[in-house]
Amino acid sequence: AFKILREAYAKYPNNGEIAFQYGFYSSEQAEAFPKDSDEYLKFYKDANIAFQRAAETEPDEQRYVAVAVTAASIKDYAQAVKIYEKLINELDLPEYYRSLGVIKLEQGKKKEAIADLEKAAELTGDVQAYVRLADIYFQDNNTDKAMQYLLKVSELRPDIVLADLYL
């Protein structure tokens with residue numbers, strides 16, 4: 001199936017749906033390889049280009065998210081940040097603040113990352129954002145601040161074992 005899709009994409013690279021499907025299958029192919037391998041990088045680069053074409057020809061939220069996710073996978077953080085900031089300006093959803101915060105952590109921009117993660121947590125009680133914040137503060141040996149976030153996780157989701165492990 002991937003071979004047929006690759007041929008269709010080669011023949012119709014500006015068809016948004018074909019480009020999106022090709023990007024999706026390319027990213028799935030990438031996951032079969034170790035993250036530090038040339039194959040992983042090649043498939044994710046192909047996926048990123050295909051998702052960009054899909055977003056350019058038939059723009060929608062899902063396609064922009066796919067561009068951002070694949071950009072982050074190939075460590076093109078500037079592209080991922082640009083897309084998430086665009087999505088935040090248009091939709092203001094907590095998951096985009098969280099994703100932006102994670103990317104900024106990868107870039108070593110801890111203060112900006114914390115601000116984005118706090119915004120995600122503030123908007124809807126994003127549990128993943130609280131867990132990330134707790135991790136940041138534990139790494140900085142700021143146990144009191146980390147515990148505040150883990151207690152919040154426990155309040156929101158008492159079923160999450162991670163909070164119990166830290167407590």
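A residue counts as buried when its relative accessible area is under 20%, as exposed when that area is over 50%, and as partly exposed in between. Keep that handy for the exercises below, and remember that this is a predicted model.

**Exercise 1: The whole protein**

Task: Work out which kinds of secondary structure the protein has, and what share of its residues is buried.

Solution:
- Step 1. Start with the elements: there are ten helices and zero strands. Read along the sequence, that gives α-α-α-α-α-α-α-α-α-α.
- Step 2. Put a box around the C-alpha atoms, along the principal axes. It comes out at roughly 60 × 35 × 30 Å.
- Step 3. Now use the cut-off from the top. Of the 167 residues, 42% are buried.
- Step 4. Look at who touches whom. Take the contacts between residues at least 6 apart in sequence: 38% of them join residues at least 24 apart.

**Exercise 2: Follow helix α4**

Task: Describe the span of α4, its two ends and what its buried residues pack against.

Solution:
- Step 1. Check the span. α4 has 13 residues and reaches 18 Å from first C-alpha to last, close to the 18 Å expected at 1.5 Å a residue.
- Step 2. Go to the N-terminal end. D60 is the cap here, with a side-chain oxygen 3.2 Å from the backbone nitrogen of Q62.
- Step 3. Go past the other end. K75 follows α4, and its phi is positive, near 65°.
- Step 4. List the buried residues: R63, Y64, A66, V67, A68, T70 and A71. Their packing partners are α2 (16-30), α3 and α5.
- Step 5. Here's a handy rule for reading such a list. An α-helix has 3.6 residues a turn, so residues three or four places apart point the same way.

**Exercise 3: Two residues that meet**

Task: Decide whether N48 and Q79 are buried or exposed, and find what each one contacts.

Solution:
- Step 1. Place them. N48 sits in helix α3, while Q79 belongs to helix α5.
- Step 2. Compare each with the cut-off. N48 is buried because its relative accessibility is 4%, which is under 20%. Q79 has a relative accessible area of 16%, so Q79 is buried too.
- Step 3. Collect the contacts, leaving aside neighbours within four places in sequence. N48 touches V67, T70, A71, I74 and Q79. Q79 touches N48, Q52, V67 and A71.
- Step 4. Zoom in on the side chain of N48. It reaches the backbone oxygen of V67 at 3.1 Å. The N48 side chain also makes a polar contact with the side chain of T70, at 2.9 Å.

**Exercise 4: Two pockets**

Task: For each of the two pockets, give the volume, the helices that help line it and the classes of lining residues.

Solution:
- Step 1. Take the largest pocket, with a volume of about 250 Å³. Its lining includes K35, D36, Y40, V69, I74 and Y77.
- Step 2. Find the helices. α3 (38-57) and α4 (61-73) each supply at least two residues of this lining.
- Step 3. Sort the lining of the largest pocket by class: six nonpolar, two polar and four charged residues.
- Step 4. Move to the second largest pocket, which holds about 200 Å³. Among its lining residues are A72, Y84, R98, V102, E106 and R132.
- Step 5. Here α5 (77-91), α6 (94-106) and α8 (127-139) each give at least two residues, and α6 gives the most, with five.
- Step 6. Sort again: the second lining has five nonpolar, two polar and three charged residues.

**Exercise 5: Three loop residues**

Task: Find where K35, D92 and N141 lie, and classify each by its accessibility.

Solution:
- Step 1. Start with K35, in the loop between α2 and α3. Its relative accessible area is 62%, so K35 is exposed. From K35 to P59 you go 24 residues in sequence and 29 Å in space, C-alpha to C-alpha.
- Step 2. D92 lies in the loop between α5 and α6. Its relative accessibility is 36%, so D92 is partly exposed.
- Step 3. N141 is in the loop between α8 and α9 (143-156). At 68% relative accessibility, N141 is exposed.
- Step 4. Now check the backbone. Most residues other than glycine have a negative phi. D92 has a positive phi near 50°, and N141 has a positive phi of about 60°.

Notes
Residues numbered from 1 in each chain as written. Predicted model: local features only at pLDDT ≥ 70, side-chain atom pairs only at ≥ 80, totals over all residues. Heavy atoms only, no water. 1 Å grid on protein atoms, 1.4 Å probe; cavity = no way out; pocket = protein on both sides within 12 Å on 5 of 7 lines; lining within 4 Å. Points joined across faces, edges and corners; volume = space filled by probe spheres on them. Helix = DSSP H or I, 4+ residues; strand = E, 2+ residues; numbered from the N terminus. Nonpolar A, V, L, I, M, F, W, Y, C, P; charged D, E, K, R; others polar. Buried < 20%, exposed > 50% of the residue type's maximum accessible area, 1.4 Å probe, protein only. Contact = heavy atoms within 4.5 Å. Expected span 1.5 Å × (residues − 1). Polar contact = N/O pair within 3.5 Å; in protein donor to acceptor, adjacent residues only side chain to side chain.
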